[in-house]
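Student: Please take me through one part of this model at close range. I would like a helix first, then whatever else helps me read the picture.

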Amino acid sequence: MAIAIKVEGLSKAYQLGQIGTGTISRDLERWWAGIRGREDPFLKIGEENDRTTISQSNIVWSLKDINFEIEQGDAVGIIGRNGAGKSTLLKILSRVTAPTKGSVKAKGRIASLLEVGTGFHPELTGRENIYLNGAILGMRKKEIDRKLAEIIDFSGVEKYIDTPVKRYSSGMYVRLAFAVAAHLESEILIVDEVLAVGDAEFQKKCLGKMGEVSKGEGRTVLFVSHNMQAIQNLCDSCIFLENGLLVAKNNTHIIITSYLKRSTSESYQPSVEKMKQLIFIAAIFLENTVLDDGTITVFLEIKSSVEKFVSVDFRIISELAVPVAFSSFGALNYNDRFFLINGINKISFKINVANLAIGGYKISVDITEPNVQYFDRCEDCLDFDIVKISSSKRQLEQNWNYGYIQLPIVKV
């Protein structure tokens, strides 16, 4: 298979604070070095892009020494936390900005959708902006004429197509912009998180179009999203970025599992007010994402100033804020309660979530003496995602995306 994109030693540095070196002569020297293809003479040795720590340098590497290859026809997801460098990578691949170091080689025409309204003029109508945006993306007028009806139909804004786009909502903007980019006869389609602006019906339509572009037409798709289910459905492989560094490029399921494991391992930090209580949750974290047996492991550290038996209650809430499960250790049976010593108490739990549907969930924890006293509550303090069904109960239908509930069957 031919290589569509090849990235070698790619790095991008940004200077914090005031732009420039401080003097015109130094700015000219920097410009002259760039013209000759030399390295910036005033570029200091900076740091990785860790947004959780205070920088000790005025240079931050948004990307640092990135290397990967993408084959023609692949649908590749790019995931990572906010500030990981995903959008910077797409801007370099789309030639919106230049790398500080390294090279990018792309084979074929690139269509990109990075921000809502990119390439649109607010005073022009939707129809006029289709021609403008198409020209920017490299489409010829005859090509736009041929696909105009199809683009307008896909966008779903036919009623407003001759209205200036300054009167469009952000969702209408992105509908029209995606319709143009998706119908460009490009070899590479790059889409950032902008689809989150659209409604659920349009997101589904866009994902279907990207799947058709990749699998049906053999074009390469790069897709950035925080929606793990969308990544799972569309992409065969994934790139995982963290603090501007390439963590891994591998099979989608492997990368998503690694990403979720990292993102759920951050410890909970109690407030100053909570630390004045007799009993409070000092730390809580997940050891892993959902295991093959359908369980997750939760670790708790409870700080107590007294010796007491307590109940630990877990509530699981869906991403739509609907309570879906409750599990209690000690609320109903006194023998299941935990005896807290004076000091730090470390407790681990295994919770079976095999019957939950695919999607994102949050965990809340209560520490109580049932029917007597409430000590502490950690509201929505942990997140986990169910992204792939592996339970043997669900092998009846491979693509079944719902939770498994065993119902009694009565023959009539």
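**A close look at helix α4**

Tutor: In α4, the buried residues are Glu 143, Ile 144, Lys 147, Leu 148, Ile 151, Ile 152, Phe 154 and Ser 155. Keep in mind that this is a predicted model. Helix α4 covers residues 141–155. The helix bends at Lys 147, by about 55 degrees. Lys 147 is also among the buried residues of α4. What do the buried residues of α4 pack against? They pack against three helices: α3 (126–136), α5 (170–183) and α6 (200–216). Now step just past the end of α4. There Gly 156 takes a positive phi of about 75 degrees.

Next, the cysteines. One of them, Cys 206, has a relative accessibility of 0% and so counts as buried. Cys 235 is in no disulfide. The nearest cysteine sulfur to Cys 235 belongs to Cys 238, and it lies 5.4 Å away. A disulfide needs the two sulfur atoms within 2.5 Å, so a pair at that spacing does not count. Cys 235 is itself buried, with a relative accessible area of 4%. How many disulfides does a search of the whole structure find? It finds 1. That bond joins Cys 378 to Cys 381, with an S to S distance of 2.2 Å. Cys 378 is buried, at 1% relative accessibility. Cys 381 stands at 17%; the cut-off for buried is under 20%, so Cys 381 counts as buried too.

Now a strand. Ile 302 sits in β12, which spans residues 295–304. Is Ile 302 buried or exposed? Its relative accessible area is 0%, so Ile 302 is buried. Which residues does Ile 302 touch, leaving aside its neighbours within four places in sequence? Ile 279, Phe 280 and Ala 282 are among them. So are Val 312, Leu 340, Gly 343, Ile 344, Asn 345, Ile 347 and Ile 367. Look also at Ile 281. Ile 281 and Ile 302 are 21 residues apart in sequence, yet their C-alpha atoms are 4.6 Å apart in space.

Last, the surface. Leu 28, Trp 31, Trp 32 and Ile 35 make a nonpolar surface patch of about 480 Å². Trp 32 belongs to helix α1, residues 24–35. At 44% relative accessibility, Trp 32 counts as partly exposed. The cut-off for exposed is over 50%, so Trp 32 falls short of that class.

Terms used: Residues numbered from 1 in each chain as written. Predicted model: local features only at pLDDT ≥ 70, side-chain atom pairs only at ≥ 80, totals over all residues. Heavy atoms only, no water. Helix = DSSP H or I, 4+ residues; strand = E, 2+ residues; numbered from the N terminus. Buried < 20%, exposed > 50% of the residue type's maximum accessible area, 1.4 Å probe, protein only. Contact = heavy atoms within 4.5 Å. Bend = angle between axes of the 7 residues up to and from the residue. Patch = residues over 30% accessible without salt bridge, like charges linked within 9 Å, V, L, I, M, F, W, Y side chains within 5 Å. Areas by Shrake-Rupley, 256 points an atom, 1.4 Å probe, with all protein chains shown as cover. Salt bridge = Lys/Arg side-chain N within 4 Å of Asp/Glu carboxyl O.
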